[in-house]
Amino acid sequence: MDALVAIADRSAADTLLQSIELAVAAEELGADGAYFRVHHFARQLASPFPLMAAVGARTSRIEIGTAVIDMRYENPLYMAEDAGAADLIAGGRLQLGISRGSPEQVIDGWRHFGYQPAEGQTDADMGRRHAEVFLDLLRGEGFAQPNPNPMFPNPPGLLRLEPYSEGLRERIWWGAGSNATAVWAAKLGMNLQSSTLKNDETGEAFHVQQAAQIRAYRAAWKEAGNKREPRVSVSRSIFALVDDRDRAYFGRAGDGEDQIGFIDANTRAIFGRSYAAEPDALIEQLKKDEAIAEADTLLLTVPNQLGVAYNAHVLEAILTHVAPTMGWR
């Protein structure tokens, strides 16, 4: 079980420093990882690699990941260097979630970063193209012609980007909003992240559609002939109500249902419900969630504006009162 950190605090320093402290607390509590949401032009976590490197230096065991990096904004070559460095600092613990992105704070923000889709393509196509380049770079194969008079001695042959981290290519996840992009990710050998929203493709309950997406992904993975077993995560807002603070903050959150909305003018989306109840009732609700049953990794979304201490309590309540019965420990 991992903590997905989403932060909206008073300052950028608060956001970053509290993220590090919460990751340290998560490791001490026995959680398996800390994953960070990435949003540009927002007072959240726009530059994940310095943060993950800092978390890697402060922790020793937990996975450190993203959910997700918007590839429409990324230079794949520079990103490969940053990712390699952060992964080496963390001792090979990075789990990078990437995607074509989510609804933005600004209109076509990637244009301000100097990117635009090729003729006849969409911004989503551009994000997937950047992802494919990034994946190729992570193979570590040389592609650049060395200078015959270099500043430093070169190894023989074409040069690759450095620093290179062995095994990172197998720790890349795609945040899929549709069944089709989940299948595409499987064919490229990426793990699957499925969030708290997806395209509403059948009109069924969110968890039912998400479970079907996961099954389609696993079938495509097998058909593609990939050798290793893939990993699949789902994200959930889950709160065990064990004291008066929990009831005051989230006592009504578990009464909600799935919501329907539009993430752009043409895409109808379904947003999954939150879970909040006394532990015994919460366990019974979670047992009915088909997508949780299909996945092997659960990302818990954390409302970090309530502070590190309270969010550590939220994680501890799940780890203590829910995870053992659900078989997550």
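How many bridges pair β7 with strand β11 (residues 267-271), and in which sense, parallel or antiparallel? There are three, and the pairing is antiparallel; one of them puts Lys198 opposite its bridge partner Ile270 in β11. Strands here are DSSP runs (E, at least two residues; helices are H or I, at least four), numbered from the N terminus, and two strands pair if DSSP finds at least two bridges between them.

Keep in mind that this is a predicted model: local features need pLDDT of at least 70, side-chain atom pairs count only at pLDDT 80 or more, and totals for chains, interfaces and linings use all residues. Residues are numbered from 1 along each chain as its sequence is written, and side-chain values use heavy atoms, leaving out hydrogens and water.

Zooming out, three strands make an open antiparallel sheet in the order β7-β11-β10. β7 (197-199) and β10 (259-264) are at the edges with a single partner strand each, so one side of each has no neighbour in the sheet.

Now for the salt bridges, meaning a side-chain nitrogen of Lys or Arg within 4 Å of a carboxyl oxygen of Asp or Glu. The count comes to 21. Asp123 and Arg100 form one of them (3.7 Å, N to O). Asp123 sits in helix α4 and Arg100 in the loop between β4 (94-99) and α4, so this pair ties together parts 23 residues apart in sequence. Glu294 also forms a salt bridge, with Arg215, at 3.1 Å between the closest N and O atoms. Since Glu294 belongs to helix α9 (residues 290-294) and Arg215 to helix α6, the pair ties together parts 79 residues apart in sequence.
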